[in-house]
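I opened my notebook to record what I looked up in this model. The entries are short, one topic at a time.

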Amino acid sequence: MISLQTKLKNLVLSNPTMLASGILSETSGSIIAAANSGAGAVVTKSIGSVPRMGYPNPTLIELKFGYINAMGLPNPGIDEFGKEIKDSLGCGVPIIGSIFASDEKEFAYLGKKMEEYGVAALELNLSCPHAKGYGMEIGISPEIVGKIVSKIKDEVQIPVFAKLTPNTHQLIEVAKAVEEAGGDGVVAINTVKAMSISIDFKRPILANRYGGLSGPAIKPIGIRCVYELYDALEIPIIGVGGIETWQDAVEYLMAGATALQIGSAVRKKGLGVFRSINNGLTRFLEKEGYSAINEIVGVAHELS
Amino acid sequence: MSYHRAVTIEEVIAEADGVKTLRFSLRRKCLPGQFLMIWIPGIDEIPMSLSYIENPKGITVKEVGEATRALCSLRPGDRLGVRGPYGRGFSVSNGNVLCVGGGNGIATLLPAAEALKRELVDFVIGAKTETELVFVKRAKKCSNHVVISTDDGTKGFKGTAVELAAEMMDNKKYDAVLACGPEPMLIQLFNLCKKYNVDCQFSLERFMKCGIGICGSCAINGKRVCIEGPVFSRNELESLVEFGKFRRDASGARITF
C-alpha cells in the first residue's frame, strides 16, 4: 500500500498537494471545492489588516508558457475573512492562512487572528513581487524576515511557513533567517518579477506594469531554488512554481520538497489537477518500488 | 489559449440613452453567451458578453462607470485590446423558448435566440423606461412574439419583466427560459421557473479579474462565473446558495443585493 501522507513538522497532510495562495482561495466556496477535489491542504488568499481592492485590470496576462499577474493583494481584510474561514473549516483538509503585513507587529496581529479562526498553520507572504511596502520588498532582507518570524513564533502555537521570493541573490540567507528564528518551514518559490508589453498599444499591459510570472516557465527556477534550499536547511521545504503534472511533482520532491503547492495549473487542468497528480505519484512510487513519499524527498542530492 | 489581441472598431451604433454597440472583427470562434475581456488601455479591462458573435462581432455597452464611459466614447478606427472568448455560453436546443432580458441583458440573449427557429422563440424585454429599451427590432426579427415591459409604463406593460414572464408561462408551456439581467430580477424569475417546472439557463455577472479561472474573484459558491459560467443551468443555480443573495466587491467582501 502506497502512502502519499506527508508531514510538515506536526502538520500531517493526507497527500503532498496544496492549493497555492491566491488561486481560488478568496472564498469559502472555492476553498471547499479545492478540498473536495483532492488537495491535501488549502492555502488562503493573502489577507491583510484592512480591505484592499487590489489593482485595476488588466491584472493578468496569459502567455505561452505561463501567466503574469499583478492582482495587488486584493482581500476583504482579516475581520471580514473570518466568515470565509468559518464556512471552510469543515472542508476535511487543513487550511493554511496566508497573511501579508508591513512589519512584525502587524504580522503577529494577523497571525493570532488566523489562529483564533482555526487555521492549521500560517503562511507568511514575504514574496509578492508587486505590492509596495509588502511581500518581496521586506522579504529580501534576512534581518527583517528573521524579526517577523521570531515575533510570530512567540505569539502563535500553530506551524509557521515563510513563502520566499526568487527575486533575490540572498535566497539562502533569507531562508536561514527563517530557520534560525524558529520558522517551521519555507515555501519556495513565489512568482518571478516580470513584465509584458503590448506592441499595439506600446505600453505594459498590466495596470501595475510589473507583475509576477507563474506557470511552467518558472518551474526550472523553482526546482533550482528548492534544490539549493534543501542543502542549506533542516526545516521542510514546500515546493511551488509551475507544477502541472505528476512528473513535475516528482521533480520537486526529488529536489527536496516535502510538500507541493499548485496554482496556475488550475487554468489548464481545472481542480482535477490534484487527483491527477496524486494518482500519478502513487503509480510512480509503486513502479519504482517505494512505499511512501518521504523516500524520494531529496533523492536527487544523493548521486552527485 | 487566448492572448491579448488589438481590434479596430469598425462601427459604433447608438442603441438607446447611454447604450452603444461597438462592432469589430476578430478571427476567433465565439458561442452565444460567451464573453471577451475588453481592455481600454490606461483605464480598465472588463468582461463583456458578445451581442454579435459573427464578424463583425459586437459588444453592447451601457454607461455605468469609468470603463463603460470610455468605451462609449470610442469611434470607428479606435482600437481596443481583447482576450477570449471565455466562459460557457447558452446551450440552445429547439423547443419552446422564452427569452427574458432585463435592461442591457437582452444583448447577451440575442445570439442564442438567433440560433433557434423563429417560431419557437418568445421574448420578454424589460427596461426602466422606454428610452432605455434596446434591440426590440432585432428581437422581432428572430421571434414572432415580443412583449415589452417598462417600470414606468412608458412602453408596453407597466411593471416588471418577471410579472410579464409569469403571464406568458401561464398561457404556454415552455421547454426553456433563457435570461440575462439584474440578479434580483433573475432570482424572481428562477422561482417562477421552479413553480412552472421549466428548465432555465441564466447568464450571471460577478466582479471579474483574471477571466481564466484562477483568481477566484468571480466565484459563486466555488463555481467560477468565468469558467463554469457565465451561463448556469437550473440545477446549477439551485446549488448556488449565494445566487440572488450577495455578490462580492473587488476586495472579496460580500455585498447584499
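**Entry: Phe135(B)**

I looked up Phe135(B) and found it in the loop between β8 and α3 (136–141) of chain B. Helices and strands here are DSSP runs, H or I of at least four residues for helices and E of at least two for strands, numbered from the N terminus. Phe135(B) is not a glycine, yet its phi is positive, about 60 degrees. Is Phe135(B) buried or exposed? Phe135(B) counts as buried because it has 23 C-beta neighbours inside 10 Å. I noted the cut-offs: buried means 20 or more other C-beta atoms within 10 Å of the residue's own, exposed means 12 or fewer, and partly exposed is in between, with C-beta atoms placed from the backbone.

**Entry: ground rules**

I am reading a predicted model, where local features need pLDDT of at least 70, side-chain atom pairs count only at pLDDT 80 or more, and totals for chains, interfaces and linings use all residues. Residues are numbered from 1 along each chain as its sequence is written, while chains are lettered from A and ligands numbered from 1 in the order in which they are written.

**Entry: Leu24(A)**

I checked another positive phi in a residue other than glycine: Leu24(A), near 50 degrees. Leu24(A) sits in the loop between β3 (17–19) and α1 (28–36) of chain A. Leu24(A) is classed as buried because 25 C-beta neighbours fall inside 10 Å.

**Entry: cis peptide bonds**

I found a cis peptide bond between Asn55(B) and Pro56(B), with omega about -5 degrees. Pro56(B) is in the loop between β4 and β5 of chain B. I also found a cis bond from Gly84(B) to Pro85(B), with omega about 10 degrees. Pro85(B) belongs to strand β6 of chain B.

**Entry: a hairpin and its neighbour**

I followed β1 (residues 5–16) and β2 (residues 19–24) of chain B, which pair antiparallel over six bridges. Strands count as paired if DSSP finds at least two bridges between them. Ala14(B) faces Lys20(B) of β2(B). β1(B) and β2(B) make a hairpin with two residues between them, and Gly18(B) in the turn has a positive phi of about 70 degrees. β2(B) also pairs with β5 (residues 57–62) of chain B, antiparallel over six bridges. Here Thr21(B) stands opposite Thr60(B).

**Entry: the seven-stranded sheet**

In which order do the seven strands of the open sheet run? I read β10-β9-β8-β7-β11-β12-β15 in chain B, with mixed pairing. The edge strands, β10 (157–158) and β15 (231–233) of chain B, each pair on one side only. β7 (residues 97–102) and β8 (residues 121–127) of chain B pair in the parallel sense over six bridges. Leu98(B) is opposite Asp122(B) in β8(B). Helix α4 (residues 161–171) of chain B packs on the sheet and touches β7, β8, β9 (145–150) and β10 of chain B. Residues touch, or are in contact, if their C-beta atoms, placed from the backbone, lie within 7 Å. The direction of α4 of chain B makes about 155 degrees with that of β8(B). Axes are lines fitted to C-alpha atoms, for helices over the stretch in contact, and angles run from 0 to 180 degrees between N-to-C directions.

**Entry: two domains in chain B**

I split chain B into domain 1 (5–86) and domain 2 (97–256). These bounds come from an automatic or database domain assignment. The C-alpha centres of domain 1 and domain 2 of chain B are 20 Å apart. Their contact takes 18 residues from domain 1 and 19 residues from domain 2 of chain B. On the side of domain 1 of chain B that touches domain 2, β4(B) gives the largest share, five residues.

**Entry: chain against chain**

How many residues does the contact take from each chain? I noted 29 residues from chain B and 33 residues from chain A. On the side of chain B, β4 (44–52), β6 (79–86) and β13 (219–220) each supply at least two residues. That side of chain B has 14 nonpolar, 10 polar and five charged residues. Ala, Val, Leu, Ile, Met, Phe, Trp, Tyr, Cys and Pro count as nonpolar, Asp, Glu, Lys and Arg as charged, and the others, Gly among them, as polar.

**Entry: Val174(A)**

I ended in helix α6 (residues 171–180) of chain A, where Val174(A) has its place. Val174(A) counts as buried because it has 25 C-beta neighbours inside 10 Å. Leaving out residues up to four places away in sequence, Val174(A) touches residues including Gly139(A), Ile140(A) and Leu164(A).

Methods:
Contact = placed C-beta atoms within 7 Å.
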